[in-house]
Amino acid sequence: MQYDVSSLVFRFAVSFVTVQAIAAAGCIFAFKKHRNRRVWLAVLAAMLYLNCAYLFLFSPVELRQQFGTVIDYALIYPFFAYMLICMALAPLFVAAAAAAGISKTVSALGGTSDCAGPGSGYNGQRRELLKMMTAGIALPVAAPSLYGLYVGSAQMKIDDIEISFPALPAGLDGFTILQISDLHVGPFMDSTVLQPIVRSINALAPDLVAITGDIINWGSAYIDEAADGLAGLQAEYGVYAVLGNHDFYCDTDTLCSKLEKTGIQILRNGWREIRPEGGGLLQLVGIDDSKSRMMRDPNIHNLKKALHQAPEAGFKILLSHRPTVFDAAAALGMRLTLAGHTHAGQLISPFGNGRAWSLAKFFYDRDYGLYKRNGSYLYINRGLGVVGPPLRINCPREITRIVLRRGNPQVETAEG
Ligand SMILES: [Fe+2]
């Protein structure tokens with residue numbers, strides 16, 4: 001499947017120009033009484049400036065590499081903060097316009113004079129209320145957005161987890177897997193960001209590296225960038241990857257062949273047998289994303305395809321982009337499933353005990369971290385890259401270091 005980038009650009013531009021027009025019209029109404037022409041001209045100039053971001057957002061890699069960080073800090077990040085503010089304000093103004101329309105209709109049907117007429121006290125009060133609500137929405141959206149864009153998006157964490165299995169072969173006790181996911185190589189992720197991450201992973205000397213999909217954001221223009229960024233990734237028993245939904249928004253065959261040239265093995269509904277020096281057998285299974293638009297698609301079809309003719313023996317680990325396969329995977333004997341896809345919504349609440357609420361919880365029952373079901377485990381990595389606005393709030397990029405242990409778990413994970 002080839003992804004039509006020009007249609008994405010068009011749809012994005014049309015949607016955002018509409019949202020922006022609604023937000024601008026609402027602000028003009030709310031702040032109409034402020035007649036300082038210079039302020040309005042400055043606002044108009046700022047709007048025009050911020051809209052120049054399209055030129056860089058959708059330009060080829062070379063143009064972005066030329067300007068890089070300066071453009072991001074001076075134009076792209078402010079554009080996304082502005083976009084989020086407009087997206088928050090537009091529903092307020094639509095609701096206010098609808099309420100005003102209903103009020104006028106009711107007045108007309110009742111035969112009363114229009115109490116909301118121009119210059120009336122009622123209209124003035126309504127405008128004051130709208131002004132307060134505009135500030136009350138815009139400021140709380142602006143502050144965390146700016147933090148997430150300038151600070152949060154660059155934060156990185158190595159999450160260490162140890163998972164114990166009573167039936168783990170002795171030779172796999174202490175086996176270390178480094179998982180990364182959702183790189184989204186594109187406008188906000190390139191080889192200069194990836195190469196230090198690759199060096200960090202190599203320094204941790206893992207037994208195996210697993211990349212759980214969405215290597216590319218969209219567009220074949222970024223394939224070389226992804227291959228350059230991941231070149232040099234090493235692990236004693238190999239570097240393996242599966243394809244996420246975004247990896248089908250480019251020339252997928254070229255992506256696979258270029259990654260394979262760097263030594264990465266792509267598991268496309270297939271499996272590999274890994275025999276550690278200490279004995280035992282690890283069966284690593286990997287599936288393509290289903291490409292389904294259904295958020296909770298369990299992708300059983302690809303899992304069954306991958307397991308067709310797979311040997312029964314061995315300790316089974318599944319690499320799948322979407323975590324929604326977990327129930328089926330556990331039922332089919334996968335003892336551990338490594339997934340990504342959710343990005344934890346790129347926003348995790350700073351409050352709450354245990355697993356704090358994330359934006360992804362709106363869409364997925366299992367949004368990030370470790371889950372257990374009938375003795376099988378699922379781990380959902382928060383990802384390295386971003387989709388949509390390039391921000392992360394309390395949701396640092398993640399490298400996961402998973403150590404397999406033989407025995408009973410020291411800390412019991414709740415079923416979920
Ligand atoms: Fe992703």
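Helices and strands are named here as DSSP runs, numbered from the N terminus. With that naming, His-341 sits in the loop between strand E9 (336–339) and strand E10 (369–373). This is a predicted model. His-341 takes a positive phi of about 80 degrees in it, although this residue is not a glycine. Most residues other than glycine have a negative phi. His-341 also counts as buried, because 24 C-beta neighbours lie inside 10 Å and the cut-off for burial is 20 or more.

## Overall layout

The chain has 416 residues, of which 37% count as buried. Its secondary structure comprises 10 helices and 12 strands. The C-alpha trace spans about 85 × 45 × 35 Å along the principal axes. Contacts reach far along the sequence. Among those between residues at least 6 apart, 76% join residues at least 24 apart.

Confidence comes next. The mean pLDDT of the chain is 90. A pLDDT of 70 or more is reached by 93% of the residues. Residues 113–119 fall below 50. Beyond near neighbours in sequence, that stretch still has 13 contacts in the model.

## Two domains and their contact

The chain is divided into domain 1 (5–150) and domain 2 (157–406). Their centres, taken over C-alpha atoms, are separated by 38 Å. Domain 1 brings 14 residues to the contact, and domain 2 brings 11. On the domain 1 side, three elements give two or more residues each: helix H1 (5–30), helix H4 (61–110) and helix H5 (121–150). The residues of that side divide into 11 nonpolar, two polar and one charged.

## The core

Which residues have the most contacts inside the largest nonpolar core? They are Phe-80, Val-209, Ile-216, Ala-226 and Leu-284, in a core of 90 residues. H4 supplies the largest share of this core, 11 residues. Domain 1 (5–150) and domain 2 (157–406) both give residues to the core, so it lies between them.

Phe-80 has contacts with Leu-149, Pro-389, Pro-390 and Leu-391, leaving aside its neighbours within four places in sequence.

Tyr-147 is placed in helix H5. Tyr-147 is partly exposed, with 16 other C-beta atoms within 10 Å. Not counting residues up to four places away in sequence, Tyr-147 touches Gly-152 and Ile-393. Tyr-147 and Leu-284 are 137 residues apart in sequence. In space, 39 Å separate the two, C-alpha to C-alpha.

## Two helices with a buried side

Helix H7 covers residues 223–230. Its buried residues are Ile-223, Ala-226, Ala-227, Gly-229 and Leu-230. Why do they share one side of H7? They cover an arc of only 165 degrees around the axis, which puts them on the same side of the helix. Their cover includes helix H6 (191–203), helix H8 (252–261) and strand E5 (264–266). Ala-226 also appears among the core residues with the most contacts.

Helix H9 covers residues 300–307. Asn-302, Leu-303, Ala-306 and Leu-307 are buried there. These residues span an arc of only 130 degrees around the axis, which puts them on the same side of H9. What covers them includes strand E6 (270–274), strand E7 (282–286) and helix H10 (326–331).

## Positive phi values

Each of the two helices is followed by a residue with positive phi. Gly-232 comes just after H7, and Gln-309 follows H9. Two loop residues join them in the table.

| Residue | Place | Phi |
|---|---|---|
| Gly-232 | just after H7 | about 100 degrees |
| Gln-309 | following H9 | near 70 degrees |
| His-341 | loop between E9 and E10 | about 80 degrees |
| Asn-394 | loop between E11 and E12 | about 55 degrees |

Asn-394 is not a glycine either. Its loop runs between strand E11 (376–380) and strand E12 (397–406). Is Asn-394 buried or partly exposed? Asn-394 counts as partly exposed, because 18 C-beta neighbours lie inside 10 Å. His-341, with 24 such neighbours, counts as buried.

Methods
Residues are numbered from 1 along each chain as its sequence is written. This is a predicted model: local features need pLDDT of at least 70, side-chain atom pairs count only at pLDDT 80 or more; totals for chains, interfaces and linings use all residues. A residue is buried if 20 or more other C-beta atoms lie within 10 Å of its own, exposed if 12 or fewer, and partly exposed in between; C-beta atoms are placed from the backbone. Helices (H or I, at least four residues) and strands (E, at least two) are DSSP runs, numbered from the N terminus. The arc is that of the directions from the helix axis to the C-beta atoms. Two residues are in contact if their C-beta atoms, placed from the backbone, lie within 7 Å. Domain bounds come from an automatic or database domain assignment. Ala, Val, Leu, Ile, Met, Phe, Trp, Tyr, Cys and Pro count as nonpolar, Asp, Glu, Lys and Arg as charged, and the others, Gly among them, as polar. A nonpolar core is a set of buried Ala, Val, Leu, Ile, Met, Phe, Trp, Tyr and Cys residues joined through C-beta atoms within 7 Å. pLDDT is the predictor's confidence in each residue, from 0 to 100.
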